[in-house]
Amino acid sequence: MLARAEAEQLVSTVPTEPYFAGRWGSGQSIDTFDVIDPVTERRLTTVAAAGAREVDEAVSHARSALDEGEWGRTDGSARALLLHRLAGLIEARSEEFATLESLDIGKPGFEPRAIDLPQAIGAFRYFAGWADKLEGRSVPTSPYMGRPTHSYTVREPVGVVAAITPWNSPTMIGSWKIAPALAAGCAVVLKPPEDAPLTSLLLASLVEEAGFPAGAFSVLPGLGAVTGQALIDHPGVDKISFTGSPETGYKVAVAAAKGFRRTTLELGGKSPQIVFGDADLDEASQGVAVGIFANQGEVCAAGSRILVARSVYDEFVERLVARARDIKVGDPFDDDTTMGALINARQLERVSQYVAAGIDDGARLIAGGGRPDGKGFFVEPTLFAEVDNTMTIARREIFGPVGAVIPFDSESDAIGIANDSDYALAATLWTSDVSRAHAVARRVKAGAVAINGWAPLDPRLPWGGSKLSGQGRELGWAGIEANTEEKTVTAVLSYAPDK
């Protein structure tokens, strides 16, 4: 792992301008924005912001690359080769990606090394395997006015895909959007998060190095209200893939609806972790703590509602508090740090307000609740006990290291509490009873249910939710379906059999 000074030097090697039409440059842009280190609160670098003109150029070049350019003529086997090449380049530079994520986001380096980078590399390799296997179907059909027919379907790219990524895991979540779209033959215009754009800009340089044709992939850094808005409003965009808040997701859906364009929306969660009385409490308390405190709790699938059987409630709470107190909050570049800083001052204020709301609502604060002295957007790992599911901290997505522990009396009670939420993204079950695990997994409303392990992601598995957690799926075969259109072809044959 690089020392902080070496890591900060690495930033100077990352491009800081938009990349589109196979070239780097800010075009007519005059605006810039600063990228701030959430640990030191110092400026890491200044990035040129793409404006409406750059968005229009990027989308136009992406359209040309598809309709009349080299990318549109690139077959599946060639796309697979390019994606495999890109995966290899990311793997070779994975230490740089992990270091930049620690600087940009404030997360300890072991997290991107163990989760984000393997997931990103795996996604590009998995979808490379699909690129030359997008087969259609032969469909037996009835005669047309007495003449025989031959009918089949083909899968074609949906077109230009606008991918808008969040700041909590930009490399991993970016790969979830980019890899299936490129495998399907779409052109991608990526809008990275303004709080953490560096790994996306590094990725663009590797796309260029891998040899993707001009226009196949673009990166447009900028502010959401300007660059993001121009992108979702652009009529040349055929699909918008967005990960972020429900409030912004609604704006994306409205903009897409104006042109009947497709969307994939992953909009967060308030995921339950259900600890049954027969669970291994030592294993469960460790796993639950990871589900709350990983990436400072800035995770869409964070298991921040902890539902615990009343028979083991006190013992489990004691174990969970001990886990929270073992966490070392500090600089991600310190070897003993296990939890870093929140992304910015706004997020720190947001989390602090929810902690205050928990106290005001009558929940019992049993760990954390404050913030260390000094610079940086740090907050302590925080736990509340004796939480009612109607309390604010049980209803709202906090997006910070705050867990709400809720007792339950029966299996049906646990399922009722778990499903009583405006979100339905993920859930985790902790039990030693395999029959119970599968029975409860059927009844819990969530896009993904994990048993005895929090959020075991895999590029082969579809990912997404319902309710306020969004619509559509990424990854797996669902990622291919989300980026292709199925076309029907029917030939009316002149041949007529002898009577």
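The dialogue below asks how certain labels in this predicted model are justified.

Tutor: This is a predicted model, in which local features need pLDDT of at least 70 and side-chain atom pairs count only at pLDDT 80 or more, while totals for chains, interfaces and linings use all residues. Residues are numbered from 1 along each chain as its sequence is written, and side-chain values use heavy atoms, with hydrogens and water left out.

Student: Why is the pair of Trp167 and Phe399 called edge-to-face?

Tutor: Rings of Phe, Tyr and Trp (its six-membered ring) pair if their centres lie within 6.5 Å, and planes under 30 degrees apart count as stacked, over 60 as edge-to-face and the rest as tilted. The ring centres of Trp167 and Phe399 are 5.4 Å apart and their planes stand at 80 degrees, so the pair is edge-to-face.

Student: What makes Trp167 count as buried or exposed?

Tutor: Buried means under 20% relative accessible area, exposed over 50%, and partly exposed in between (1.4 Å probe, protein chains only). Trp167 has a relative accessible area of 17%, so Trp167 is buried, and Phe399, at 14% relative accessibility, counts as buried too.

Student: What makes the pair of Phe276 and Phe408 one that ties together parts of the chain?

Tutor: Phe276 lies in the loop between β12 (272-275) and α10 (281-293), whereas Phe408 is in strand β16, so their pair ties together parts that are 132 residues apart in sequence; helices (H or I, at least four residues) and strands (E, at least two) are DSSP runs, numbered from the N terminus. This pair is edge-to-face as well, with 5.7 Å from centre to centre and 75 degrees between the planes, and both Phe276 and Phe408 are buried.

Student: How do you know that β3 and β4 pair, and in which direction do they run?

Tutor: Two strands pair if DSSP finds at least two bridges between them, and 5 bridges join β3 to β4, which run antiparallel. One of the bridge partnerships is that of Val35 with Thr45 in β4, and the two strands form a hairpin with 6 residues between them.

Student: Why is Glu41, in the turn of that hairpin, called partly exposed?

Tutor: Glu41 has 33% relative accessibility, a value that lies between the limits for buried and exposed, and therefore Glu41 counts as partly exposed. Glu41 also has a phi near 65 degrees, a positive value in a residue other than glycine.
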